[in-house]
Amino acid sequence: LASRGNTGAAGRGRGGGAGAHERIDFLAKSHELKTNCAFSVKIMENFKIRSDHLLGEIKADEKGIEDYEGEILRLKQRKEFLKKRIVQNQEWAAHYDKEFGPFVAKYDEFMKQMDVLYKNAKVKHADGLKLLMEHFDYHPEFKR
């Protein structure tokens with residue numbers, strides 16, 4: 001027993017004797033505890049405010065991502081539509097001369113014929129006016 005240290009009444013506590021305990025100032029400790037708790041509560045409140053703010057930003061970002069994904073989908077669909085239209089238009093342009101060329105040629109021929117007919121009609125009209133003026137004293141400015 002002697003080798004384990006003094007286990008008697010005087011050995012209890014660290015001061016070595018009775019009444020060696022320090023007095024605890026409960027009022028000061030209570031104030032310190034309240035202050036520490038208040039700081040802890042304030043830290044938690046700040047954390048909650050910042051956390052809520054970040055959650056709001058995350059939700060806004062997620063909505064923005066959804067909006068962008070929707071817009072990207074619409075643009076991809078539009079792109080596919082336009083690619084198909086380009087192919088159709090190229091096919092149409094390639095077959096235009098073969099399919100519509102004869103109609104264009106007939107139209108050009110028709111316009112040339114109309115030009116000849118109009119010129120002939122102008123000449124015949126002028127000849128008719130000359131005939132009226134020579135045989136019937138017709139004067140175009142003074143129609144009777």
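This dialogue goes through the features of a predicted model.

Trainee: How many helices and strands does the chain have?

Mentor: The chain has 1 helix and 0 strands. That helix, α1, covers residues 26-136.

Trainee: How far apart are the end C-alpha atoms of helix α1, and what would a straight helix reach?

Mentor: The general idea is to set the end-to-end distance against the span expected from 1.5 Å a residue. In this model, α1 has 111 residues, and its end C-alpha atoms are only 143 Å apart. A straight helix would reach 165 Å, so the distance falls short of the expected span.

Trainee: Where in α1 does a kink lie?

Mentor: A kink of about 55° is found at F100, shortly before the proline P102. As for the end of the helix, α1 is followed by D137, whose phi is positive, near 55°.

Trainee: What share of the residues counts as buried?

Mentor: Burial is read from relative accessible area, and the cut-off for a buried residue is under 20%. Of the 144 residues of the chain, 1% meet that criterion. The chain exposes about 14,300 Å², and carbon and sulfur atoms supply 61% of this area.

Trainee: How many salt bridges does the structure hold?

Mentor: There are 4 salt bridges in the structure. The general idea is a contact between a side-chain nitrogen of Lys or Arg and a carboxyl oxygen of Asp or Glu, with a cut-off of 4 Å. One of them joins D52 to K48, with the closest N and O atoms 3.1 Å apart. Another links D67 and K63, where the corresponding distance is 3.3 Å. E71 and R74 also meet through their side chains, at 3.0 Å from N to O.

Trainee: How many residues apart in helix α1 are the partners of these bridges?

Mentor: D52 and K48 both belong to α1 and are 4 residues apart, about one turn of the helix. D67 and K63 are likewise in α1, 4 residues apart. For E71 and R74, also in α1, the separation is 3 residues, again about one turn.

Trainee: Are the bridge residues D52 and K48 buried, partly exposed or exposed?

Mentor: Partly exposed describes values between the buried limit of 20% and the exposed limit of 50%. D52 has a relative accessible area of 38% and is therefore partly exposed, and K48, at 49%, counts as partly exposed too. The other two bridges described above can be read in this way. D67 is partly exposed at 43%, as is K63 at 49%. E71 has 35% and is partly exposed, while R74 is partly exposed at 48%.

Trainee: How is a pair of aromatic rings described?

Mentor: The description uses the distance of the centres and the angle of the planes. The structure holds 1 aromatic pair. W92 and Y96 form this pair, with 5.2 Å from centre to centre and 50° between the planes. The pair is tilted, because its angle lies between the limits of 30 and 60 degrees. The two residues are 4 residues apart in α1, so about one helical turn separates them.

Trainee: Which residues make the nonpolar surface patch?

Mentor: W92, Y96, F100, F103 and V104 make a nonpolar surface patch of about 500 Å². Y96, a member of the aromatic pair, is partly exposed with a relative accessible area of 31%. V104 has its place in helix α1 and is partly exposed at 34%. F100, where the kink of α1 lies, also contributes to this patch.

Key
Residues numbered from 1 in each chain as written. Predicted model: local features only at pLDDT ≥ 70, side-chain atom pairs only at ≥ 80, totals over all residues. Heavy atoms only, no water. Bend = angle between axes of the 7 residues up to and from the residue. Buried < 20%, exposed > 50% of the residue type's maximum accessible area, 1.4 Å probe, protein only. Patch = residues over 30% accessible without salt bridge, like charges linked within 9 Å, V, L, I, M, F, W, Y side chains within 5 Å. Areas by Shrake-Rupley, 256 points an atom, 1.4 Å probe, with all protein chains shown as cover. Phe/Tyr/Trp six-rings, centres within 6.5 Å; stacked < 30°, edge-to-face > 60°.
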